Each structure stands twice: as structure tokens, then as C-alpha cells.
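Q: Could you take a close look at one part of this model for me, the smaller of its open sheets, and then walk me outward from there? I'd like strand order, edges and pairing, followed by the loops and enclosed spaces.

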Amino acid sequence: MKTQRKSGILLHPTSFPSPYGIGSFDQWAYHWIDFFAESKQSLWQVLPLGPTGYGDSPYQSFSTFAGNPYLISLPDLVADNILEQAILDTAPPLPADSVDFGAIYQWKLPLLAAVSAGFHHRASAQLRDEFQHFCTQNSEWLDDYALFMALKNAHNGAPWNQWEMALRSRQPDAIAAATRFQAKAIQAHKLAQWLFYRQWQMVRAYASEKGIQIIGDIPIFVAMDSADAWANPAEFYLDELFQPTVVAGVPPDYFSETGQLWGNPLYRWDVMAKNGYQWWIRRIQAAQRLYDIVRVDHFRGFAGYWEVPAQEQTAINGQWQKGPGAPFFHRLKDALGALPIIAEDLGEITDDVIELRDQFGFPGMKVLQFAFGGDASNAFLPHNHLPNFVVYSGTHDNATTRGWYEQDSTEAERDHFRRYNQVDGSDPGWALIRTAFASVANTAIVPLQDVLSLDNSARMNLPGRADGNWTWRYQHEKLDDGVRARLREVTELYGR
């Protein structure tokens with residue numbers, strides 16, 4: 001992927017300000033884009049936008065095609081006359097600087113279901129026509145997703161591979177009966193998807209008008225409890241009861257003696273190859289409808305992936321398996337043309353991963369927090385960067401840079417950091433922002449937490465932590481004229 005020198009900010013939409021407990025596609029999304037343009041940024045990176053479940057992780061979604069209904073702007077529904085302002089006026093008290101996902105689940109989702117119940121009476125003919133057109137155009141994934149969510153709710157949230165066998169195995173009579181019985185719930189889930197896509201496309205169009213591209217994010221694997229696995233069981237390693245036989249993870253390393261056991265079902269790449277990787281083509285097409293550029297999480301899995309028997313409690317007893325490799329990307333290119341992909345190539349990376357990345361010209365990632373404490377050969381140090389990379393101060397999985405410097409780093413790392421950047425350590429976030437923007441890497445992305453010089457109380461995700469992740473939100477007044485001017489200056493200074 002060839003690009004000019006550009007810079008941008010990593011911020012998930014749930015982190016926007018809002019009086020309704022979670023960021024959404026309302027006025028604050030547009031204020032954010034205005035701030036972006038005024039500070040001369042051109043790349044906005046988000047996390048996966050799919051519907052989240054247990055743990056609230058955007059990387060464990062109920063569907064790789066669907067959008068998160070939490071992000072729907074409720075004031076826009078009032079403006080469209082499909083929701084009464086009086087209902088919003090009775091919203092429960094919700095925190096302003098974090099997301100209480102439990103409260104949002106209890107309040108916002110039933111509210112959206114009520115919007116669906118009255119939609120055909122309240123909505124204009126134009127809105128009704130738009131909705132029907134959306135359902136027709138997206139039926140390939142939407143029908144399965146809406147039925148999946150309706151059935152999941154009917155089963156008190158139980159995973160699909162614990163449902164009765166006729167529904168697990170998608171017996172035609174059982175599916176037909178469930179579709180009739182769950183008609184209202186199915187309609188509500190479809191309407192929520194239309195609202196999500198409609199509002200997101202307006203936000204994206206506004207960003208495009210301002211010269212801003214959006215970098216999206218898709219995990220290489222999908223969740224076991226997802227419409228994707230339920231609707232396509234033959235493309236995953238599942239037994240006759242639809243339980244996974246092997247699951248995804250990463251092996252033990254310097255950071256974890258037992259590795260990481262993710263639990264995602266693994267693809268039957270042999271089956272996918274025989275049908276020309278059609279599911280993946282549809283997945284990338286769907287991502288291109290949402291984003292301008294796609295970061296693929298755990299890119300190394302396309303070269304080789306860690307396979308763990310499903311009964312294991314840790315990732316220790318796994319083995320490497322060969323991924324689909326170059327033929328997979330050749331097929332995607334044949335079907336889709338140029339692939340604007342960023343390869344997340346962090347962790348234990350072998351030569352075959354680098355060869356695959358470079359063969360297709362995908363930029364890799366350099367995270368500056370990993371650069372310090374060793375010697376001058378560290379590949380994350382800016383003097384070792386190359387143009388076709390994306391340099392980050394940190395990512396959503398890192399501490400904030402201030403938090404890293406003040407809490408998580410060693411004295412050797414802090415000393416190296418100060419000497420390399422020629423700073424005293426009083427403002428580590430901005431030290432790494434300047435270093436990232438000065439890099440020869442064509443693209444530089446920094447989390448908003450570093451722009452605001454925040455400590456680890458603003459951390460987005462701590463891998464391995466069971467709860468408390470994904471909740472951080474900023475306050476609009478923090479994006480003041482001083483922050484705008486500082487970002488604009490460093491952007492212009494380093495030709496981004």
C-alpha cells in the first residue's frame with residue numbers, strides 16, 4: 001500500500017462524549033472530525049465496529065458484518081421522528097467519563113427495540129423505503145445475523161452451540177419456524193443495523209469531505225459465539241455437535257509462560273480454498289464499505305497460526321500450522337483489486353510472515369513503546385524504520401505513554417527513552433508523538449490519550465484483564481485550542 005506522509009489519531013467512537021453513557025454517531029462525532037481537520041490530521045483509526053458481547057471487547061463480536069447498535073445516535077432518531085424526545089429526557093444517570101456497558105445494555109437496547117415496534121407507524125415513506133432497500137441489499141449476512149441474535153436472546157444469551165440440535169445444525173424446518181416465531185425480534189435487529197450503517201455512512205462522508213480517511217480494524221479470527229460460525233460451520237474445525245475441536249491462541253513467550261488461549265474457532269483453510277475464499281471476499285468487501293484502509297489484526301496467522309486442542313486450559317500444548325499464505329491474497333486481489341491493508345505484525349514474527357507482508361506491499365507496524373531499553377539494533381527505534389510502515393506511540397493494547405513511562409517501564413527503558421528523544425521525561429506522551437511524526441515511516445498514528453498526556457487511568461485495554469476494559473471516554477473541552485495548535489505544528493513540521 002503506497003501512501004504519502006500522513007498522520008492521525010487512534011480513537012474508538014465509544015470514547016466520544018455523550019449525555020447518554022456511550023459515544024455514538026451524534027453531534028460529537030462531527031465535532032471530533034472538525035477537530036481532526038483543524039489540527040491537520042488525515043487518518044482516523046477505529047477499533048472493530050461490530051456488536052460486542054461478554055467482556056465488551058470489539059475483538060469478540062457477534063458478527064464480522066454487523067455494526068454495534070450501542071453506537072446509534074439517539075438524538076438523530078428524534079430528528080427523524082422515530083423516537084420521542086420525552087423518552088430521552090428520562091434517560092437514567094450514566095457516567096460522563098466512562099462506559100457502563102451493563103447499564104447501556106439494560107437501557108439502550110430495549111429502547112431501540114421500542115423504536116422498531118413503532119417504526120412503520122412513525123417513519124416517513126422515504127425512511128421505510130430506505131430500510132427495505134437496505135434489507136434487500138444486505139440479506140446475504142443480515143438474515144442470518146438477525147435470526148442469530150433473536151435466537152440468542154430467546155435462549156437467555158446461551159452460545160449457539162448449546163441450543164437444541166435442530167437450530168445448531170440449521171435444519172430448514174426449524175429455521176423456518178424460528179423465523180416466523182421471532183419475526184418482531186428479527187425486524188428489530190435488522191432495523192438497528194440499518195440505523196447503524198445509515199448513521200456511520202453519514203459520519204464517514206463528512207470525514208471524507210474534510211480529507212480524512214478512516215482506518216478500520218478486523219481480527220483475523222471470528223468469535224465462536226457468532227453468526228459467522230453458526231451460518232458457516234463447514235468452514236471451521238467443529239465436531240458433529242458443533243463444538244470446536246481446535247482453537248486459536250499464541251504460544252508461550254517472554255510476556256506469558258502459558259501463552260494466550262483466545263478460544264476462537266480455527267478456519268478450515270482447505271475448505272475455503274476450494275470455494276475460492278468466498279466468505280473472506282465478502283468480509284473484505286464489507287470492511288471496504290465501512291473503512292478506507294483496513295488493519296488486519298494478527299496478520300501472522302496467514303503465514304502460520306498456533307493451533308490448540310479445544311480441551312486445553314492454556315495455550316502451552318499447541319502446535320504451529322501453515323496458513324493460507326500467498327495464494328489467499330492473490331485470490332483477494334483477483335476479486336477485489338488493490339488491497340489497502342495494514343498488517344499487524346507484532347509479537348514473535350518469523351521470516352515467512354515478513355516475506356508474505358512484503359510480497360504484497362502491506363505496511364507493517366512499529367510501536368515506539370517497544371523501542372527502549374536495549375541497543376541501537378532494536379527494530380522499533382525510528383532510525384531503523386522504513387517508509388512502508390505505520391509507526392505508533394502505542395496501541396489500544398498498550399499503556400498510555402505517560403502510564404508506560406511512569407508505571408510500567410524499567411529504569412533502563414526510561415534512561416534510554418530520555419537520551420534517545422533528548423527529553424527530561426516530564427511529558428513522555430508528546431515526546432513519542434514528535435518522535436513518531438519525525439520517523440521516515442509514511443504513516444504515524446497516536447492514541448488520543450497520548451495527545452492529551454493522560455496516565456493509565458485512561459488505558460483502553462489491558463490484555464488478560466477480565467473487566468474494566470474498553471470503557472474510557474474523553475471530555476470535549478479537553479480538545480482545546482492549545483491541543484489543536486500543538487498537533488498542527490508537529491504535523492506541519494514533519495511534513496505530514
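A: The open sheet you are asking about has 4 strands in the order E5-E4-E7-E8, and their pairing is antiparallel. Strands here are DSSP runs of E with at least two residues, helices are runs of H or I with at least four, and both are numbered from the N terminus. Two strands count as paired if DSSP finds at least two bridges between them. Strand E5 (260-265) and strand E8 (319-322) stand at the edges with a single partner strand each, so one side of each has no neighbour in the sheet. From one strand to the next, the twist averages 50°; the angle is taken between N-to-C directions, on a scale from 0 to 180 degrees, using axes fitted to C-alpha atoms.

Before going on, a word on the source: this is a predicted model, where local features need pLDDT of at least 70 and side-chain atom pairs count only at pLDDT 80 or more, while totals for chains, interfaces and linings use all residues. Residues are numbered from 1 along each chain as its sequence is written, and side-chain values use heavy atoms, with hydrogens and water left out.

Back at the edge, E5 is joined to strand E4 (residues 246-250) by 3 bridges, and the two run antiparallel. One residue pair to pick out is Val247, whose bridge partner in E5 is Pro265.

Strand E7 also leads us to a loop. His298 is found between strand E6 (293-297) and strand E7 (304-309). Its phi is near 60°, a positive value in a residue other than glycine. Most residues other than glycine have a negative phi. His298 counts as buried, at 10% relative accessibility; buried means under 20% relative accessible area, exposed over 50% and partly exposed in between, with a 1.4 Å probe and protein chains only.

On the other side of that loop, E6 belongs to an open sheet of 8 strands, ordered E9-E6-E3-E2-E1-E12-E11-E10 with parallel pairing. Its edge strands are strand E9 (341-343) and strand E10 (364-367), each pairing on one side only. Here the twist averages 25° from one strand to the next. E6 pairs with E9 in the parallel sense over 3 bridges, and Val294 has Ile341 as its bridge partner in E9.

Another positive phi, about 70°, occurs at Lys40, which is not a glycine either. Lys40 sits in the loop between helix H1 (27-38) and strand E2 (43-45), and with a relative accessible area of 42% Lys40 is partly exposed.

Finally, the enclosed space. The structure holds 3 cavities of 30 Å³ or more. A cavity is a set of points on a 1 Å grid over the protein atoms alone where a 1.4 Å probe fits but cannot get out, and lining residues have an atom within 4 Å of a point. Points are joined across faces, edges and corners, and the volume is the space filled by probe spheres set on them. The largest cavity has about 210 Å³; of its 23 lining residues, Pro48, Gly50, Ser63, Thr64 and Pro219 are closest to the centre. Strand E3 (213-219) and helix H12 (278-290) are the elements giving two or more residues to this lining, and H12 has the largest share, with 4 residues.

Note on methods:
1 Å grid on protein atoms, 1.4 Å probe; cavity = no way out; pocket = protein on both sides within 12 Å on 5 of 7 lines; lining within 4 Å.
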